[in-house]
Amino acid sequence: MRTSEDTYLHKGLRSKLIDSIREKGITDEAVLNALLSVPRHFFLDSAFEKQAYEDRAFPIGEDQTISQPYTVAYQSQLLEVKPFEKILEVGTGSAYQACVLAELKAKVYTIERQKKLFDANKSFSFLKKYPTLRMFYGDGFEGLPTYAPFDKILITAAAPHIPEALLEQLKPGGCMVLPLDEGEYQRMHKLTKIDHQSYVQEKFDEFSFVPMLVGKR
Ligand code: SAH
């Protein structure tokens, strides 16, 4: 069962978590404030409330995880979200990262390949707080051509290669942040699209994500 109560104890734990993320090197105050605004314990079973405020990934069922808060902050910071930008997120999972992007006032389109996880979010009442957050069931390798182009794209699963369709769905001048590699660890990449033929690639730290898989289930 989920709880929807956000007490002073929760707020206190959350504020400590945000302090620890700041100490780990996240400097974007808008991102830190967004994490402060989203009660992460709402996204886990109420039995795991305390763990919600540890800086760790956590299982959410179907062999998937809610990303580590530091990782969510890191990817959000690299994405340099501006209000009203149209952002495609691949890998809705718990919808925690999607809510952080929505707190940054982005128009979020998020896609999940696992029907059970997608369905679980349909009855998650906290998500009503974000009227511009839209959730889709589908394969992130294909993106959402109907809604393209996007200002930014964020992949929250380990991409074995750069998904071509996603590059196409990105506006020139826009960027895509993704953990790239097939191994146990992936290097965070930021691709900035110049025009339809070219992009600039920057590499950052290593992380460990669950794999981005082809097709739906
Ligand atoms: N952003 C999530 C992280 C979830 S883990 C959160 O904040 O909780 C990564 C998610 O990516 C998993 O739910 C997994 O099912 C999903 N995923 C993996 N491959 C995918 C694909 N090709 N398309 C869409 N989602 C995918």
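In this predicted model, the ligand takes up the space of the largest pocket. The elements that each give two or more residues to the shell around the ligand are strand 2 (64–66), strand 3 (86–90), helix 4 (96–103) and strand 4 (107–112). Strand 2 supplies the largest share of this shell, with three residues.

A look at the residues themselves fills in the picture. The ligand is surrounded by 27 residues, and those that come nearest are Gly91, Ser94, Glu112, Gly140 and Leu213. Sorted by class, the shell holds twelve polar, eleven nonpolar and four charged residues.

Several polar contacts involve nitrogen atoms of the ligand. Gly91, one of the residues that come nearest, places a backbone N or O atom 2.8 Å from a ligand nitrogen. For Arg113, too, a backbone N or O atom is involved, lying 3.3 Å from a nitrogen atom of the ligand. Thr156 takes part through its side chain, with a polar atom 3.1 Å from a ligand nitrogen. Taken alone, the ligand would expose 580 Å², and the protein buries 99% of that area.

Turning to the fold as a whole, the protein has six helices and nine strands. Its radius of gyration is 16 Å, close to the 17 Å that the globule rule gives for 217 residues, so the protein is as compact as a globular protein of that length. Along the principal axes, the C-alpha atoms fill a box of roughly 50 × 35 × 35 Å.

How values were computed
Residues are numbered from 1 along each chain as its sequence is written. This is a predicted model: local features need pLDDT of at least 70, side-chain atom pairs count only at pLDDT 80 or more; totals for chains, interfaces and linings use all residues. Side-chain values use heavy atoms; hydrogens and water are left out. A residue is near a molecule or strand if one of its heavy atoms lies within 4 Å of it. A polar contact is a pair of N or O atoms within 3.5 Å; within protein, one must be able to donate a hydrogen and the other to accept it, and residues adjacent in sequence count only if both atoms are side-chain atoms. Accessible areas come from the Shrake-Rupley method with a 1.4 Å probe; for residues, only the protein chains shown count as cover. On a 1 Å grid over the protein atoms alone, a cavity is a set of points where a 1.4 Å probe fits but cannot get out, and a pocket is an open set with protein on both sides within 12 Å along at least five of seven lines; lining residues have an atom within 4 Å of a point. A molecule sits in a cavity or pocket if more than half of its atoms lie within 2 Å of its grid points. Helices (H or I, at least four residues) and strands (E, at least two) are DSSP runs, numbered from the N terminus. Ala, Val, Leu, Ile, Met, Phe, Trp, Tyr, Cys and Pro count as nonpolar, Asp, Glu, Lys and Arg as charged, and the others, Gly among them, as polar. The radius of gyration is taken over C-alpha atoms; the globule rule is 2.2 Å times the number of residues to the power 0.38.
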